[in-house]
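Q: I'd love a close look at one part of this protein, with enough of its surroundings to place it in the fold. Could you walk me through it?

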Amino acid sequence: MKELFSISYWTKRYNRNGGSGDGSRGPWLEYKANYLNEFIKNNKISNVLDFGSGDLYVAKKLEIDEYTGLDCADSSKYYDEKEPVGPKLLSLHQTRFDTFVPDKQYDLVTCLDVFYHIMDDEGEYLKAMIQTMFDSAREYIIVYSLDSESEQVKKQFETRISHTFNSPWREIFREHDDFELVSTDEGKGLPGNNTYFFVFKRK
Ligand SMILES: C[S@@+](CC[C@H](N)C(=O)[O-])C[C@H]1O[C@@H](n2cnc3c(N)ncnc32)[C@H](O)[C@@H]1O
């Protein structure tokens, strides 16, 4: 099995206390947590499976009974069991997403700021991880990402210099019949931002 670029990159980053980045700090952290908490409350969500839990800054703000986080890198150093904040029950698994087998279906599956870290040559991985997300979700999937079908984003990535790319996650979601897009904050959200929430519901 091919080694993922993200494993070495994020492991090194967490080892030097680099954290998950600006997307889970300051106004972005507040925006993400508020959006998710409102959704959790309005839809009576009691458990969540999060693909790419990272440094848990978002997870610790969630008002939910049970949180299970998956990540290819070990970020457990960011979790102190004695900290009395966030979900009542929090568990973490260090795993690839393509081989992960869920123990049950979760009310909500989330994947926040992860898709565009999947590399150009990891298309098969992307497809397999999305299939795992479908298999794990009882009712809802929430993605927070660049819109891979937006012309503006496509243009931006034509001139990219980094390894990461605008992974075609929306196209892959579209190919599946089981979930439909029910809402998005696309075009709204924080000023100057082009990363949005996409809420999918099982049909
Ligand atoms: C930018 S951080 C986002 C963390 C968190 N979701 C948030 O919003 O704060 C991206 C996370 O995705 C994980 N990740 C990236 N590529 C991955 C892959 N191919 N398989 C599993 N996890 C991956 C990284 O280890 C990292 O923790």
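The part to examine is the largest nonpolar core.

A: Happy to. Please keep in mind throughout that this is a predicted model. Let's start with the frame that holds the core. The protein has 5 helices and 7 strands, and from the N terminus these follow one another as α-α-β-β-β-β-α-β-α-α-β-β. With 203 residues, the globule rule gives a radius of gyration of 17 Å; the value for this protein is 16 Å, close to that, so the protein is as compact as a globular protein of that length. Along the principal axes, its C-alpha atoms fill a box of roughly 45 × 40 × 35 Å. Buried residues make up 34% of the 203. Much of the contact network spans long stretches of sequence: if we take contacts between residues at least 6 apart, 64% of them join residues at least 24 apart.

Now to the core itself. The largest nonpolar core has 39 residues, and the ones that touch the most other members are Phe 51, Val 109, Met 133 and Ile 141. Both helices and strands build this core, each of the following supplying at least two residues: helices H2 (26-42), H3 (123-136) and H5 (169-175), together with strands S1 (47-51), S2 (66-71), S4 (106-112), S5 (137-146) and S7 (195-202). Strand S5 gives the most, with 6 residues.

Met 133 is a good place to zoom in. Leaving aside residues up to four places away in sequence, Met 133 touches Phe 51, Val 109, Cys 111 and Ile 141. By their residue ranges, Met 133 belongs to H3, Phe 51 to S1, Val 109 and Cys 111 to S4, and Ile 141 to S5. Around this methionine, then, the other three residues named for touching the most core members come together.

Next, the loops beside these elements. Asp 113 sits in the loop between S4 and H3, and although it is not a glycine, its phi is positive, at about 55 degrees. Most residues other than glycine have a negative phi. Is Asp 113 buried or exposed? It is buried, because 21 other C-beta atoms lie within 10 Å, and 20 or more are enough for that label.

Phe 100 is found in the loop between strand S3 (89-94) and S4. It counts as partly exposed because it has 19 C-beta neighbours inside 10 Å, whereas buried would call for 20 or more. Its contacts, again without residues up to four places away in sequence, are Leu 70, Thr 95 and Thr 132. Of these, Leu 70 falls in S2 and Thr 132 in H3, two of the elements that supply the core. Tyr 9 is another matter: its C-alpha lies 20 Å from that of Phe 100, and the two are 91 residues apart in sequence.

Lys 44 belongs to the loop between H2 and S1. With 7 C-beta neighbours inside 10 Å, Lys 44 counts as exposed. Even so, its C-alpha is 8.9 Å from that of Asp 107, which is 63 residues away along the chain.

Finally, let's compare the core with the N-terminal helix. In H1 (residues 5-15), Ser 6, Trp 10 and Tyr 14 are buried. They cover an arc of only 45 degrees around the axis, so they sit on the same side of H1. The face turned away from that buried side carries Ser 8, Lys 12 and Asn 15, which are exposed. Ser 6 and Trp 10 also link H1 to the ligand, as they are among the closest of the 22 residues that surround it, along with Ser 24, Gly 52 and Gly 54. By class, that shell consists of 10 nonpolar, 9 polar and 3 charged residues.

Both flanks of H1 offer exposed residues. Before the helix comes Glu 3, which counts as exposed with 8 C-beta neighbours inside 10 Å; its C-alpha is 31 Å from that of Asn 193, 190 residues away in sequence. After the helix comes Asn 17, in the loop between H1 and H2. Like Asp 113, Asn 17 has a positive phi, in this case near 60 degrees. But while Asp 113 is buried, Asn 17 is exposed, with 9 other C-beta atoms within 10 Å.

Terms used
Residues are numbered from 1 along each chain as its sequence is written. This is a predicted model: local features need pLDDT of at least 70, side-chain atom pairs count only at pLDDT 80 or more; totals for chains, interfaces and linings use all residues. A residue is near a molecule or strand if its C-beta atom, placed from the backbone, lies within 6 Å of it. Ala, Val, Leu, Ile, Met, Phe, Trp, Tyr, Cys and Pro count as nonpolar, Asp, Glu, Lys and Arg as charged, and the others, Gly among them, as polar. Helices (H or I, at least four residues) and strands (E, at least two) are DSSP runs, numbered from the N terminus. The radius of gyration is taken over C-alpha atoms; the globule rule is 2.2 Å times the number of residues to the power 0.38. A residue is buried if 20 or more other C-beta atoms lie within 10 Å of its own, exposed if 12 or fewer, and partly exposed in between; C-beta atoms are placed from the backbone. Two residues are in contact if their C-beta atoms, placed from the backbone, lie within 7 Å. A nonpolar core is a set of buried Ala, Val, Leu, Ile, Met, Phe, Trp, Tyr and Cys residues joined through C-beta atoms within 7 Å. The arc is that of the directions from the helix axis to the C-beta atoms.
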